Each structure stands twice: as C-alpha cells, then as structure tokens.
Amino acid sequence: MSKNLEIESKTLLDEETYKKMRDAFTAKSDFIQKNYYFDTPDFDLKNSDASLRIRILVDHAEQTIKVKENNPKENKYSERIEINDLLSVAQAEQMTQSAYEGTFFLFGGDVGDYLQKHYSNEAIHSLKLISWSQTRRILATGPEKCELTLDLTEFPDGYYDFELEIENDDPATIKKVLAELEKQFNFKVNKENTNQSKVQRAWEHKK
C-alpha cells in the first residue's frame, strides 16, 4: 500500500502542441495503461469528491482511491490524497472482467478499508464499472528537471484527447515550469483546459 499527497497541474492540450512537446523532450518511459472507473448508481464517490479505479499496465496493476485533501497547500492545482494497493495483472483482469459481467466483488486492501470507513455497506455493494479509458503515457524531464507527463487518452465512444501533467511537492515549482512551457510552446492555461480529471472525461465519453 502507498498513501501520498498528490499535487499536480493538469492541462488539456491541442494535438499540435502535444506533438511539439512530445518531440522536444527525451522520453524516460513510454507505455500503455488501461483505467477502469467505479462508482455507485447514485455516484456516491463522485458526490463526495472521490474517485475509484483499477489501473492495468503490462507488468503490474493497482487499485486506487483518490479523495479530497481537507487542508490543501493551495487551491490552484489538483490536490488529492491517493491510496494505492498493488495488484497482479491477473488479479486486476479478473476484477475488471467480473465488473464487465456484473458480478459483485469487494475491493480489499487499504482501498477497501477506506471504503468501509467512509461509505455504507449498501453503497459498497452497489459499486459498478462506470467507464474506462486507455492512455499512452510518456514521462520526460522538463524545465527545472521537473518530470512531465504527456498523455494521449482514448475513451469508450472513440473520443481522444491530449494532456500535460506536472506533479511536484512544491506548487511554486509547478507554476514556474508551467509558465516556461506556456511561453516555449505558445499555449495558455485557462479555466476550460485546467484540472479536468480523466474519470470525469470518461463519464462524459462513455458509450
């Protein structure tokens, strides 16, 4: 299990800007990940500003619940407490297959413990697969030696988008790096393209 405070800026890019940024920085890693998102029929998690997912990569998987930080360092960027449990790929695939088939299963580990403490048994037993996404993720070192995450994500209805994520413990560093990238690649961060979660976009673009 891991539990950490995640502070990051999330900016949707147009395709041309994404490609220019992708080509400008040397990739440290480049991989595919599949994300499966869960909630109750009444969206109990969404309504409490939480999200629940299973993520599957080539050689490992994880289950994660992200919840609101009650005492944020700042209010400009996305700030969440992230609780993760590692899963084997086989275990994660079995769980998502059960979800596709509508077969009930319980989340275990620390994610399961959090659900038990904060949601009713009725809510937990009504959790179901809401949507999914598939992301090609590129990690690269950007300005100030800060890690950049460049995502190309496809959703169930065939829609796809491009996103820049900058995660750092220091909001001032995020602000500085983002300003340098805006100037270098001639894009502008605004209310419409900032901090839109993938789970929200997956809900909007489900079949």
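Helices are DSSP runs of H or I with at least four residues, strands are DSSP runs of E with at least two, and both are numbered from the N terminus. The model shown in every view is predicted.

**Figure 1. Overall view of the chain, with its seven helices and eight strands.** The C-alpha atoms fill a box of roughly 50 × 35 × 30 Å along the principal axes. A compact globule of 207 residues would have a radius of gyration near 17 Å, and the value for this chain, 17 Å, agrees with that. Half of the chain is interior by the accessibility criterion: 50% of the 207 residues count as buried. Of the contacts with a separation of 6 or more, 66% are between residues 24 or more positions apart. The exposed surface of the chain comes to about 11,000 Å², and 46% of this area is supplied by carbon and sulfur atoms.

**Figure 2. Salt bridge between Glu-6 and Lys-66.** The two side chains meet with an N to O distance of 3.0 Å. Glu-6 belongs to strand S1 (residues 2-13) and Lys-66 to strand S4 (residues 61-68), so the pair ties together parts that are 60 residues apart in sequence. Glu-6 and Lys-66 are both buried. The count of salt bridges in the model is 20.

**Figure 3. Salt bridge between Glu-62 and Arg-53.** The closest N and O atoms of this pair are 3.6 Å apart, which falls inside the 4 Å limit for a salt bridge. Buried means a relative accessible area under 20%. Glu-62 has 15% and is therefore buried. Arg-53, with 11%, is buried as well.

**Figure 4. Salt bridge between Asp-151 and Arg-137, and the network that includes both residues.** The side chains of Asp-151 and Arg-137 come to 2.7 Å, N to O. Asp-151 is in strand S7 (residues 147-154) and Arg-137 is in strand S6 (residues 128-141); the pair links distant parts of the chain, 14 residues apart. Asp-151 has a relative accessibility of 0% and so counts as buried. Arg-137 also counts as buried, because its relative accessibility is 10%. A network of salt bridges links these two residues with Glu-8, Lys-10, Asp-161, Glu-163, Glu-165, Lys-198 and Arg-201.

**Figure 5. Helix H6 and its buried side.** The helix has 15 residues (171-185), which at 1.5 Å a residue should span 21 Å; the C-alpha atoms at its ends are 21 Å apart, in agreement. Pro-171, Ile-174, Val-177, Leu-178, Leu-181, Glu-182 and Phe-185 are the buried residues shown in H6. These residues cover an arc of only 140 degrees around the axis and therefore lie on the same side of H6. Their packing partners are S1, helix H1 (15-24), S7 and strand S8 (160-167). Lys-175 and Lys-183, on the other side of H6, are exposed. Asn-186 follows H6 and has a positive phi, near 55 degrees.

**Figure 6. Phe-43 and Asn-195, two loop residues with positive phi.** Most residues other than glycine have a negative phi. Phe-43 is not a glycine, yet its phi is positive, about 55 degrees. This residue lies in the loop between strand S2 (27-39) and helix H2 (44-47). Phe-43 has a relative accessibility of 24% and so counts as partly exposed. Asn-195, again not a glycine, has a positive phi of about 55 degrees. The loop that holds Asn-195 runs between H6 and H7. At 28% relative accessibility, Asn-195 counts as partly exposed.

**Figure 7. Gln-200 in helix H7 and its position relative to Lys-46.** Helix H7 covers residues 198-204 and contains Gln-200. With a relative accessible area of 26%, Gln-200 is partly exposed. Gln-200 and Lys-46 are 154 residues apart along the chain, and their C-alpha atoms are separated by 8.9 Å.

How values were computed
Residues numbered from 1 in each chain as written. Predicted model: local features only at pLDDT ≥ 70, side-chain atom pairs only at ≥ 80, totals over all residues. Heavy atoms only, no water. Buried < 20%, exposed > 50% of the residue type's maximum accessible area, 1.4 Å probe, protein only. Expected span 1.5 Å × (residues − 1). Arc of directions from axis to C-beta. Contact = heavy atoms within 4.5 Å. Rg over C-alpha atoms; globule rule 2.2 N^0.38 Å. Areas by Shrake-Rupley, 256 points an atom, 1.4 Å probe, with all protein chains shown as cover.
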